[in-house]
Amino acid sequence: DPVIEQAKAQGIVGEQFDGYLGIANAGQASAELKRKISETNAGRLAEYTRISQKTGDPVSTVAAAMAEKLFANAQSGEVLKPGPTDAWTKKP
């Protein structure tokens with residue numbers, strides 16, 4: 001989605017350790033952006049659930065594996081949240 005991609009480039013939205021998008025800068029997140037994030041995360045949950053049913057792995061395991069791929073594919077300068085208590089950090 002171009003709105004999410006732009007927000008990622010601006011450091012407003014980033015990938016999280018759990019395989020879902022998160023809001024790194026809530027003050028700059030519009031209602032439309034929040035809606036698009038919710039829609040994207042719902043779609044990801046559906047896909048993770050489908051893969052989970054196919055592989056027998058827990059949804060959380062599937063999501064964490066996808067998070068690793070999303071982190072690896074993130075562009076330089078995008079923000080990432082590597083763990084539940086970690087701060088958002090920019091990818092070098």
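**Fold order.** I began by reading the secondary structure along the sequence of this predicted model, and I noted the pattern α-β-β-α-α-β-β for the protein. Counted by type, I have three helices and four strands in my notes. I then looked up the radius of gyration, which is 13 Å and close to the 12 Å that the globule rule gives for 92 residues, so I recorded the protein as being as compact as a globular protein of that length. For the outer dimensions I took the box filled by the C-alpha atoms along the principal axes, which is roughly 40 × 30 × 20 Å.

**Burial, contacts and charge.** I looked up how much of the chain is buried and found that buried residues make up 34% of the 92 residues. Among the contacts with a separation of 6 or more, I noted that 42% come from residues 24 or more positions apart. The accessible surface comes to about 5,400 Å², and I entered 54% of that area under carbon and sulfur atoms. On the charge side I listed 11 positive and 11 negative side chains, and I wrote down that the centres of the two sets lie 1 Å apart.

**The sheet.** I next traced the strand order, and what I have is an open sheet of four strands in the order 2-1-3-4, with mixed pairing. Which strands stand at the edges? I found strand 2 (21-23) and strand 4 (89-90) there, each with a single partner strand, so one side of each is left without a neighbour in the sheet.

I followed strand 1 (residues 13-16) in both directions. Towards strand 2, I noted three bridges, and the two strands run antiparallel; towards strand 3 (residues 79-81), I again noted three bridges, but here the two strands run parallel. G14 was a convenient residue to enter on both sides, since G14 stands opposite G22 in strand 2, while the bridge partner of G14 in strand 3 is V79. I also looked at the connection between strand 1 and strand 2, which form a hairpin with four residues between them, and in that turn I recorded a positive phi of about 90° for G19.

**Helix 2, three positions.** I looked up K36, R44 and L45 in turn, beginning with K36, whose place is in helix 2. Is K36 buried or exposed? At 15% relative accessibility, I entered K36 as buried, the cut-off for that class being under 20%. Leaving aside residues up to four places away in sequence, I found that K36 touches D1, V3 and I4.

R44 is also found in helix 2, and with a relative accessible area of 15% I entered R44 as buried. With the same exclusion of residues up to four places away, the contacts I listed for R44 are E15, G19, Y20, L21 and L70. I marked two of these against my earlier entries, since G19 is in the turn of the hairpin and L21 falls in strand 2 (21-23).

L45 is found in helix 2 (residues 31-55) as well, but I recorded L45 as partly exposed, with a relative accessible area of 40%. Beyond residues up to four places away in sequence, L45 touches Y20 and V59, and I noted that Y20 also appears in the contact list of R44. I also took a distance along the helix, and found L45 and L33, twelve residues apart in sequence, to be 18 Å apart in space from C-alpha to C-alpha.

**Two loop positions.** I then turned to D57, which lies in the loop between helix 2 and helix 3 (59-73). D57 is partly exposed, with a relative accessible area of 36%, and outside the residues up to four places away in sequence I found that D57 touches S52 and V62.

My last entry concerns S76, whose place is in the loop between helix 3 and strand 3. I recorded S76 as exposed, with a relative accessible area of 56%. What does S76 touch, not counting residues up to four places away in sequence? I found K91 and P92. I also looked up the separation of S76 from I12, and although the two are 64 residues apart along the chain, their C-alpha atoms are separated by 14 Å.

How values were computed. Residues numbered from 1 in each chain as written. Predicted model: local features only at pLDDT ≥ 70, side-chain atom pairs only at ≥ 80, totals over all residues. Heavy atoms only, no water. Rg over C-alpha atoms; globule rule 2.2 N^0.38 Å. Buried < 20%, exposed > 50% of the residue type's maximum accessible area, 1.4 Å probe, protein only. Contact = heavy atoms within 4.5 Å. Areas by Shrake-Rupley, 256 points an atom, 1.4 Å probe, with all protein chains shown as cover. Lys, Arg positive; Asp, Glu negative; His and termini not counted. Charge placed at Lys NZ, Arg CZ, Asp CG, Glu CD. Pairing = 2+ DSSP bridges.
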